[in-house]
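Reader: I am new to reading models like this one, and I would be glad of a slow, close look at a single part. Could you choose one element and follow where it leads?

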Amino acid sequence: MMPIPGSGLAKGLAVTLRTMTKRAHTAQYPEVQPELPPRSRGVIGLFEENCTVCMLCARECPDWCIYIDSHKETVPAATPGGRERSRNVLDRFAIDFALCMYCGICIEVCPFDALFWSPEFEYAETDIHELTHERDKLREWMWTVPAPPALDPAAEEPKELAAARKAVEKAETAAAAAAAAAPTTGAAPTTGAEPTTGAAPTVPPGPTAPGTGPGTDPEPGRPDSPAGGTA
């Protein structure tokens with residue numbers, strides 16, 4: 001469908017007319033601080049406990065404005081007979097905000113969540129050389145990082161929680177199956193007052209009638225009778 005000629009101009013004029021009818025609002029800064037959106041890119045904070053000196057942020061920075069220095073330390077063996085290990089210790093972490101273009105690549109590529117965006121923006125300096133902030137200042141900005149927003153109720157469950165939930169459900173199913181397959185130990189005791197269901201009562205033997213005992217023929221006089229009676 002072809003657009004109507006002049007429709008774009010009409011939409012632009014409509015926006016202009018709506019803006020002209022609204023009253024202008026002047027924020028009295030710095031007396032009144034602005035309400036920044038939660039994902040504002042003000043400055044970068046450093047959580048140095050998570051930094052492993054992998055140098056990934058410095059290598060991926062397009063402006064090369066991140067400076068990192070470190071040294072290696074030997075960690076003694078944790079168990080007897082084990083071998084010693086070496087680890088990197090952070091000596092310097094600085095960012096030159098005179099060169100930084102706030103692209104956020106360093107925060108995205110950090111594999112250990114050591115860098116975060118802070119909405120703090122009041123760090124102007126009179127000398128450009130003072131815009132290179134060391135790790136102590138970056139650590140102070142870390143405490144101004146807002147908490148992450150709550151998950152959308154309709155959002156997909158995180159993979160870690162889903163995997164843990166499936167593992168728990170699998171363990172519960174296996175335990176229930178093992179309990180059902182286990183043999184029943186012992187029989188339920190029966191009381192003497194309750195008769196056995198479905199069994200005929202036992203009749204005590206009475207006196208034997210004459211001629212009906214064992215070894216006698218119920219019909220005497222028959223030729224085939226073992227008693228041999230004659231007519």
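Author: What follows stays with one strand, its partner and the core to which it contributes. The model is predicted, so local features need pLDDT of at least 70 and side-chain atom pairs count only at pLDDT 80 or more, whereas totals for chains, interfaces and linings use all residues. Residues are numbered from 1 along each chain as its sequence is written, and side-chain values use heavy atoms, with hydrogens and water left out.

The part is strand S1, residues 43–46, where a strand is a DSSP run of type E with at least two residues, a helix is a run of H or I with at least four, and both are numbered from the N terminus. Val43 and Gly45 point one way, while Ile44 and Leu46 point the other, and all of them are buried (under 20% relative accessible area, 1.4 Å probe, protein chains only). In a regular strand the side chains alternate between the two faces of the sheet.

S1 runs antiparallel to strand S4, residues 115–118, and four bridges join the two; strands pair if DSSP finds at least two bridges between them. Within S4, Phe116 is the bridge partner of Gly45.

Ile44 is also among the residues with the most contacts inside the largest nonpolar core, which has 26 residues, and Leu115 and Ile66 are others in that group. Such a core is a set of buried Ala, Val, Leu, Ile, Met, Phe, Trp, Tyr and Cys residues joined through side-chain atoms within 4.5 Å. S1 and S4 each supply at least two residues of this core, as do S2, S3, H2, H3 and H4. Leaving aside its neighbours within four places in sequence, Ile66 is in contact (heavy atoms within 4.5 Å) with residues including Cys57, Phe93 and Cys106.

Methods. Buried < 20%, exposed > 50% of the residue type's maximum accessible area, 1.4 Å probe, protein only.
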